[in-house]
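Pull the model up in your viewer and keep the sequence beside it. We'll walk through it a piece at a time, beginning with the space it leaves open.

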Amino acid sequence: MNARATAPAEATWATLQHDDGQPPATFDTSTLLDLPEPAQRFLRAAIPADTPLASGVVLEMVGEIRLVGRWFPFTARQILRAGVGFVWQPEVGTRILRFVGADVLGPDGARMEFRLHGRIPVVRADGPDIARSAAGRLAAETVVWLPQSVTPQAGGNWRAIDADRAAVAVPVPSGAIDVEVTVDRAGRLTEIGLERWNASAKPPAREPFGGTVTATRVVDAVTIAGQGAVGWNWHTATKDDGEFFRYSITSARFL
């Protein structure tokens, strides 16, 4: 077992590794013709024709996360299965102040558990508010790290916003969540945004959430977000204060 993980997180990881056993369809670019133009640009740039439409991805990443007003370095591994869930297993901080644990959404629900130096519990949370927030995370990360799953063939339902923006309804265990996508003229993803449930708000509520993509990464010919930052209060005057997560993908493979 990974030293960062709890047993339930490992069990969910194992569940998410398995697909339905059917070979995936391959990307048919003719299915994009009725989509809004920004969506067409994004998917054509991200996915070459005839690419297998994977439904899962395993990632490794490094970055920084802000906790109680202070930035801490992290390394993490993650698995994501479109429409089902994810497991994020980080090691946060340094040898002096180190947190390990997992953020999980799966068939058995959502939960967060982190321990100081892997021993002393500091965060344990589950329940409906955690599940709603995790569903928003799943939707956003499906777009940036698994674009194959928002193609029309995979059920991606897009609507136009303007010349550079479109929104896609991303399936999650509780239904679907709209994610707004901004692309440049070459189709490169530059921003994402959504109304995400903030379980830490008092009271919990949907709040603007989003971020920027500052670099891309090519994995098996598919272009995904390789570097970026996200946070609360997206597109508001306080978005800089809401930023709490900066990442760089160091490896990725599709399932």
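The lining of the largest pocket divides into 26 nonpolar, five polar and seven charged residues. Bear in mind that you're looking at a predicted model. The space in this pocket comes to about 1,100 Å³. Of the 38 residues that line the largest pocket, Ile65, Leu67, Asp103, Met112 and Phe244 are the closest to its centre. If you want one element to highlight here, pick α3, which gives the most to the lining of the largest pocket, with eight residues.

Now for the runner-up. The second largest pocket has a volume of about 420 Å³. It's lined by 21 residues, and the closest to its centre are Asp20, Leu53, Ala54, Ser55 and Ser149. By class, that lining has 11 nonpolar, seven polar and three charged residues.

From empty space, let's turn to packed side chains. In soluble globular proteins, nonpolar side chains tend to be buried together. In this model, the largest nonpolar core has 61 residues. Which of them have the most contacts inside it? They are Phe42, Leu43, Met61, Val143, Trp145 and Trp158. Helix α3, which spans residues 128-145, gives the most to this core, with nine residues. Apart from this core lies another one, of eight residues, including Ala9, Trp13, Leu16 and Ile79.

Phe42 makes a good place to zoom in. Leave aside its neighbours within four places in sequence, and Phe42 is in contact with Val143, Pro147, Val150, Trp158, Val181, Val183, Gly187 and Leu189. Phe42 is also one of the buried residues of helix α2. That helix, residues 37-46, is mostly covered, with seven of its 10 residues buried. Besides Phe42, the buried residues in α2 are Pro38, Ala39, Gln40, Arg41, Leu43 and Ala46. What do the buried residues of α2 pack against? The list runs to α3, β7 (157-160), β8 (165-172), β9 (175-183), β10 (189-198) and β12.

For a contrast, look at Leu33, which sits in the loop between α1 (7-17) and α2. Is Leu33 buried or exposed? Its relative accessible area is 57%, and the cut-off for exposed is over 50%, so Leu33 counts as exposed. Setting aside residues within four places in sequence, Leu33 is in contact with Gln40 and Arg44.

Next, the strands. β4 (residues 98-106) and β5 (residues 109-116) run antiparallel, joined by eight bridges. A hairpin of two residues links β4 to β5, and Gly106 stands opposite Gly109 in β5. Carry on along the chain and β5 is joined to β6 (residues 120-126) by six bridges, again in an antiparallel arrangement. Among the partners here, Phe114 is bridged to Val123 in β6, and Leu116 to Ile120 in β6. The hairpin of β5 and β6 has three residues between the strands, and in it His117 takes a positive phi near 55°. When you rotate these strands, remember a general rule: in a regular strand the side chains alternate between the two faces of the sheet.

Thr12 takes us back to helix α1. With a relative accessible area of 6%, against a cut-off of under 20% for buried, Thr12 is buried. Not counting residues up to four places away in sequence, Thr12 touches Val87, Val104, Leu105, Gly106 and Arg111. Gly106 you've already met opposite Gly109.

Last stop: Thr236, found in the loop between β12 (222-232) and α4 (239-242). Why is Thr236 called partly exposed? Its relative accessibility is 34%, and partly exposed covers the range between 20% and 50%. As a final distance check, Thr236 and Ala131 are 105 residues apart in sequence and 25 Å apart in space, C-alpha to C-alpha.

Key. Residues numbered from 1 in each chain as written. Predicted model: local features only at pLDDT ≥ 70, side-chain atom pairs only at ≥ 80, totals over all residues. Heavy atoms only, no water. Core = buried A, V, L, I, M, F, W, Y, C linked by side-chain atoms within 4.5 Å. Buried < 20%, exposed > 50% of the residue type's maximum accessible area, 1.4 Å probe, protein only. Helix = DSSP H or I, 4+ residues; strand = E, 2+ residues; numbered from the N terminus. Contact = heavy atoms within 4.5 Å. Pairing = 2+ DSSP bridges. 1 Å grid on protein atoms, 1.4 Å probe; cavity = no way out; pocket = protein on both sides within 12 Å on 5 of 7 lines; lining within 4 Å. Points joined across faces, edges and corners; volume = space filled by probe spheres on them. Nonpolar A, V, L, I, M, F, W, Y, C, P; charged D, E, K, R; others polar.
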